[in-house]
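Here's a quick tour of one structure, from its aromatic rings to its ligand site. Have a look at the model first, then read on.

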Amino acid sequence: MALDPQHLADLHKSGLTDATIEQAGFVSLRPCDIERETGVGALPVLSVYRIPFDNGYSRFKLFYSEDAPVGVKRPKYIQKSGQANRLYIPATLAESELQSFSTLYFTEGEKKALKATQEGLPCIGITGLWNWKRKGTDDLIPDFGKINLAGREIVIVPDSDWLDLGKDENPKNLKSAVYRFATALMLRGAVVKIAYLPADKTGKVGLDDYLMQHSVADFSELKHEKVFPRSCFRNEVGSLYFYGVKDGMFETPVKIAAAVEVLAFTRDNRNEAWGKMLRFRDKDNVDHFWAMPMELLSGDGSELRSKLYEKGLPYISVGRKHRPLLLNYLQTAQPDKGRRARCVDRTGWHDESLFVLPVGSIGTNGDEPIVYQGKTDPVISQKGSVQDWIENVGIYCVGNSRLLFSASMAFVAPLLYSVSTENFGANLFGSSSTGKTTGLKVACSVWGGREYMLRWRATGNGLEGIATAHNDLFMGLDELAQVSSHEAGEIAYMLANGAGKTRANRDGEARASKKWRTCFLSTGEITLSEHVASSGKKIKAGQEVRLADIPADTGKHGLFEDLHGFDNGAKLSQHLNAAVGDYYGAVGIAYLMQVVEDAQELPDAIRKERAAFVAAVCPKGADGQVSRVAGFFGLVAAAGEYATINRLTGWQEGDARTATAVCFKAWLDNRGGAGAKEVDRILEDVRLFIENHGDSRFALKDGDDTRTIINRAGYRDNEHYYILPETFKREILKGHNVALAKKVLIERGILQPGNDTNRHTKKIRIDNQTMNVFVINADNLNGVGEP
Ligand SMILES: Nc1ncnc2c1ncn2[C@@H]1O[C@H](COP(=O)(O)OP(=O)(O)OP(=O)(O)O)[C@@H](O)[C@H]1O
Ligand SMILES: [Mg+2]
């Protein structure tokens with residue numbers, strides 16, 4: 001017999017004779033075959049024997065070389081992962097038994113079934129008290145089709161401990177497993193009994209143990225409880241049914257909805273906000289997981305129904321009588337094994353070793369799964385591989401400072417937690433069609449498809465929800481100008497602050513405000529600071545430095561410096577726009593996995609890299625605000641470099657760092673003393689406008705001007721041009737930072753400073769009308785232009 005002595009002893013312990021063992025075909029595996037045959041990887045397995053089922057299917061009993069550490073449970077029996085449950089029909093059981101009408105026994109485990117069969121009780125093994133059902137349903141697994149159940153007496157023989165409490169004093173939920181099994185058998189026409197094995201001094205007794213000590217006659221004397229039909233809910237393939245009972249018989253079932261499985265009880269860290277984790281399928285066969293708050297069961301259920309519909313549940317019975325049944329089911333259904341999960345309402349770090357995403361979590365959690373149960377889902381999704389992204393998107397960033405910066409920015413948010421730093425955002429600003437949105441899309445493609453990018457306009461109402469849903473994740477916000485300056489201020493303020501408003505709940509208690517960590521990148525034709533400032537709201541210095549405005553225009557090809565062989569910026573932009581629609585998300589997930597794995601050493605490494613960056617770029621004697629922004633940029637550089645050395649970008653080491661330094665310089669130039677180039681361009685644009693339109697679009701201020709002036713830009717006299725504010729800002733200074741431009745023009749004596757230090761307009765009267773205008777001194781306009 002090809003059996004290891006230890007294995008043989010184990011089989012003898014169940015009272016199996018050598019003949020039975022031989023006939024059942026147990027085999028000890030050769031050590032070199034263990035991993036390949038069983039799929040066990042990391043476990044310290046010493047030896048394994050195979051338990052053959054039919055059709056080449058097997059289960060394995062594992063023997064370990066060492067005891068499991070306290071609190072760790074190791075499986076004794078396994079099947080290859082991914083294989084469905086099967087029935088163990090002993091080879092010693094006569095074929096004719098399957099189709100006969102004589103009593104048939106079911107017990108938990110292969111050896112027990114063999115022993116019972118050996119003693120003359122025809123018995124079939126289930127591999128666990130839950131393993132008789134098809135996943136996600138209450139239907140019997142297909143193997144039951146080999147057995148005649150109709151009109152037959154079936155006795156279920158669980159181990160003696162099935163009604164005991166678990167270690168935590170909670171029911172083990174095996175009762176539910178046994179009765180649901182009984183129900184499934186009854187619905188196939190069986191008459192079902194449960195045999196009660198008595199426990200003994202040593203603890204749990206299985207059918208094999210019992211039959212070692214007692215005779216079959218003793219067994220038949222034990223309590224055999226007949227199970228009667230009770231009304232119940234059952235998920236069958238595709239649908240959820242209600243089975244009523246009348247006169248001791250099941251009635252015709254009522255279909256109440258598409259199948260909805262209850263997977264686990266959920267509750268938050270304070271053990272409140274209870275819910276149930278549901279799973280159901282939509283019409284496209286896509287599985288949906290939803291942690292349903294129990295509070296939705298309190299009303300008439302209409303909110304619950306609309307949520308379920310919205311999430312894709314294809315069908316709910318509308319009959320007035322049936323409707324309460326769904327609520328009833330969701331109220332009473334128990335998850336298999338009484339499973340529990342914690343729910344959290346934000347993505348991101350749960351603790352140092354677990355990162356929560358709506359699509360599943362990365363890392364490990366000590367006792368139970370953590371599930372995301374938020375109001376809004378960030379649309380993290382994946383198409384194509386890491387390599388696809390690198391080849392089609394990543395490599396085009398090389399040599400392009402704004403793209404390298406944007407993509408690096410997308411990697412920062414998950415680092416904020418361990419490096420414990422504040423939120424911050426950057427805004428790529430500049431004139432239309434320079435490629436700003438393209439840059440933003442490249443950043444977003446690290447995490448998801450087209451839906452990942454948010455729009456400023458759409459954030460207003462749901463901001464707090466959106467931000468908590470992006471906790472520890474990147475946020476990309478397009479088109480700043482589409483929200484009012486007032487709103488932009490509020491949004492930017494809140495995002496950078498990392499906290500929502502504290503509100504009172506119905507009882508008047510202050511409800512904790514929502515909090516988040518995030519990094520955001522925005523685009524706009526104007527600077528964020530300027531837009532915010534123009535709302536009249538003073539933005540606090542602290543907030544201002546957490547929002548860095550970076551000119552999108554590199555002075556070469558709009559946003560781009562290196563066209564990678566494309567004819568022009570538009571072509572490269574078009575390529576990138578197409579590529580980010582085809583390849584996205586894989587890099588973000590791979591990055592997170594790396595970050596979780598490196599969680600221990602990473603913060604120090606990142607801090608070091610950041611410090612080096614600050615030292616390299618920060619001008620001597622720079623003020624505190626500048627070094628703070630340098631610190632944020634340092635984090636961007638560090639994130640980009642970290643992603644690069646982990647082969648997630650296709651860039652060379654140093655690329656992200658250099659690009660971030662270039663962007664920092666651009667920020668610095670734009671912020672204070674402007675870069676010389678930008679000043680030149682402002683002066684040039686003003687001169688050009690006056691040259692081109694000084695006559696045609698300006699009416700004479702005093703005296704009669706009989707001409708019809710189309711598209712009037714303002715008025716003039718011999719020394720001045722009085723320019724209408726809209727024309728000044730939108731036409732003449734188009735693409736410039738208006739605040740900076742005013743400063744430059746005033747310094748050069750071209751623009752007359754106004755009384756209001758912000759606006760610098762002056763009031764003039766024309767035809768008895770007062771209007772605000774910008775006053776340009778014509779003489780100085782043509783001067784050398786030095787302050
Ligand atoms: N660097 C560039 N040079 C020339 N044309 C460009 C450049 N980048 C983009 N474009 C053109 O502008 C179009 C829009 O690109 P994108 O949305 O990135 O620009 P944007 O800067 O966000 O503009 P807007 O301010 O209008 O939103 C592209 O399809 C392309 O035709
Ligand atoms: Mg745009």
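Trp-162 has a relative accessible area of just 4%, under the 20% cut-off, so this residue counts as buried. Keep in mind that the model is a predicted one. Tyr-179, with 19% relative accessibility, falls under that 20% limit too, so Tyr-179 is also buried.

These two residues belong together: Trp-162 and Tyr-179 make up an aromatic pair, with 6.2 Å from centre to centre and 40° between the planes. That geometry is classed as tilted. What does the pair tie together? Parts of the chain that are 17 residues apart in sequence, because Trp-162 sits in the loop between strand S8 (153-157) and helix H6 (174-186), while Tyr-179 is in helix H6.

Now for another pair. The ring centres of Tyr-243 and Phe-250 are 5.8 Å apart and the planes meet at 80°, which is over 60°, so this one is edge-to-face. Tyr-243 has a relative accessibility of 7% and is therefore buried.

Zooming out, the whole structure holds 29 aromatic pairs. There's also an aromatic cluster, made of Phe-106, Trp-132, Phe-144 and Phe-181.

On to the domains. The domain assignment splits the chain into domain 1 (1-83), domain 2 (84-228), domain 3 (234-341), domain 4 (386-502 + 511-600) and domain 5 (676-781). Taken over C-alpha atoms, the centres of domain 2 and domain 4 are 59 Å apart.

And the ligand? Ligand 1 is surrounded by 17 residues, and the closest are Ser-432, Lys-436, Thr-437, Thr-438 and His-557. Sorted by class, that shell comes out as 11 polar, three nonpolar and three charged residues. Here are some contacts made by oxygen atoms of ligand 1:

| Residue | Atom on the protein side | Distance to an oxygen atom of ligand 1 |
|---|---|---|
| Gly-435 | backbone N or O | 3.0 Å |
| Lys-436 | side-chain N or O | 2.7 Å |
| Thr-437 | side-chain N or O | 2.6 Å |

On its own, ligand 1 has 620 Å² of accessible area, and the protein covers 74% of that. Which elements give two or more residues to the shell around ligand 1? Helix H13 (436-444) and helix H19 (569-582) do. H19 supplies the largest share, with four residues.

Technical notes:
Residues numbered from 1 in each chain as written. Chains lettered and ligands numbered in written order. Predicted model: local features only at pLDDT ≥ 70, side-chain atom pairs only at ≥ 80, totals over all residues. Heavy atoms only, no water. Near = heavy atom within 4 Å. Polar contact = N/O pair within 3.5 Å; in protein donor to acceptor, adjacent residues only side chain to side chain. Areas by Shrake-Rupley, 256 points an atom, 1.4 Å probe, with all protein chains shown as cover. Nonpolar A, V, L, I, M, F, W, Y, C, P; charged D, E, K, R; others polar. Domains from an automatic or database assignment. Phe/Tyr/Trp six-rings, centres within 6.5 Å; stacked < 30°, edge-to-face > 60°. Buried < 20%, exposed > 50% of the residue type's maximum accessible area, 1.4 Å probe, protein only.
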